[in-house]
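Please look over the sequence and the structure below. A short report on the core, the spaces and some backbone details follows.

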Amino acid sequence: GKNLGIIGYGSVGKKVSEYCAKIGLEIIVHDKYLKKFKKKNKFQLSSLSFLLKNSDIISLHVPLNKENKNLINKNSFTKMKKKPIIINTSRGSIINEKDLLNAYNKNLISGFALDVFENEPVQKKFLKKIKKDMNCILTPHISGVTYQSNIRVSDFIVDKVIDFFN
């Protein structure tokens, strides 16, 4: 019965939405490059402000560029009506960390999970602001460091080298 807001509907955003829909979450998607869904999708395509206002959980899946830097900031947090949990596994600096902590301390959000940070490795200055009783999870961004991903990357590089010499 909860709404999951997905910002960025590329390959990772699609996978997250598929998994979460199977466990009963209603999916709200915002992707500025996406104009409509294929008919098989039952997800709601929305504006960013609608997603912020109506999501119980917000998961970010966008690249870091000039347009997306500080995409989630003080202004964004004031639009959130359901005190969502914020999840950022895309890139650091998509969320303004100072504003994130202020939003948490002002009870505008109920928690957050980050595996990417504005400064990596994560800075002690940021970690000192995290209290033991906060509803948060901080992990290193190491999803690409698996046996399977190393094989895929190695195969990709070998193919590119072969293509170059051919």
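## Report on the predicted model

Phe164 is exposed, because its relative accessible area is 65%, and the cut-off for that class is over 50%. The model in which this value was computed is a predicted one. Phe165 is likewise exposed, at a relative accessible area of 66%. The count of aromatic pairs in the model comes to 3. One of them is formed by Phe164 and Phe165, with 5.1 Å from centre to centre and 80° between the planes. This pair is edge-to-face because an angle over 60 degrees puts a pair in that class.

**Nonpolar cores**

The largest nonpolar core has 25 residues, and those touching the most other members are Ile72, Phe77, Ile86, Ile109 and Phe112. At least two residues of this core come from each of helix H2 (48-54), strand E4 (57-60), helix H4 (97-105) and strand E6 (111-114). H4 supplies the most, giving 4 residues.

What is Ile86 in contact with, leaving aside its neighbours within four places in sequence? The list consists of Ile58, Leu60, Phe77, Met80, Ile95, Leu100, Ile109, Gly111, Phe112 and Ala113. A second core, separate from the largest, has 9 residues, among them Leu4, Ile6, Ile27 and Val29.

**Pocket and cavity**

The largest pocket holds about 290 Å³ of space. Its lining is made of 13 residues, and Val12, His61, Thr89, Ser90 and Arg91 are the closest to the pocket centre.

There is also 1 cavity of 30 Å³ or more. The volume of the largest cavity is about 40 Å³. Asn88, Gly92, Ser93, Ile95, Glu97, Leu100, Leu114, Val116, Phe117 and Glu118 line this cavity. Two of the lining residues, Ile95 and Leu100, are also on the contact list of Ile86.

The table gives the volume and the classes of lining residues for each space.

| Space | Volume | Nonpolar | Polar | Charged |
|---|---|---|---|---|
| Largest pocket | about 290 Å³ | 3 residues | 8 residues | 2 residues |
| Largest cavity | about 40 Å³ | 5 residues | 3 residues | 2 residues |

**Backbone details**

Most residues other than glycine have a negative phi, and most peptide bonds are trans. Some places in this model depart from that pattern.

Which residue has a phi near 60°, a positive value in a residue other than glycine? That residue is Asn70. Asn70 is found in the loop between E4 and helix H3 (74-79). Asn70 counts as partly exposed because its relative accessibility is 26%, and that class lies between the 20% and 50% cut-offs.

Ser93 is not a glycine either, yet its phi is positive, at about 75°. The loop between strand E5 (85-88) and H4 contains Ser93. Is Ser93 buried or exposed? Ser93 counts as buried, because its relative accessibility is 10% and buried means under 20%. Ser93 is also one of the residues that line the largest cavity.

The peptide bond from Glu120 to Pro121 is cis, and its omega is near 0°. Pro121 sits in the loop between E6 and helix H5 (124-127). E6 is also among the elements that each supply at least two residues of the largest nonpolar core.

Technical notes
Residues are numbered from 1 along each chain as its sequence is written. This is a predicted model: local features need pLDDT of at least 70, side-chain atom pairs count only at pLDDT 80 or more; totals for chains, interfaces and linings use all residues. Side-chain values use heavy atoms; hydrogens and water are left out. Rings of Phe, Tyr and Trp (its six-membered ring) pair if their centres lie within 6.5 Å; planes under 30 degrees apart count as stacked, over 60 as edge-to-face and the rest as tilted. Buried means under 20% relative accessible area, exposed over 50%, partly exposed in between (1.4 Å probe, protein chains only). A nonpolar core is a set of buried Ala, Val, Leu, Ile, Met, Phe, Trp, Tyr and Cys residues joined through side-chain atoms within 4.5 Å. Contact means heavy atoms within 4.5 Å. On a 1 Å grid over the protein atoms alone, a cavity is a set of points where a 1.4 Å probe fits but cannot get out, and a pocket is an open set with protein on both sides within 12 Å along at least five of seven lines; lining residues have an atom within 4 Å of a point. Grid points are joined across faces, edges and corners, and a volume is the space filled by probe spheres set on the points. Ala, Val, Leu, Ile, Met, Phe, Trp, Tyr, Cys and Pro count as nonpolar, Asp, Glu, Lys and Arg as charged, and the others, Gly among them, as polar.
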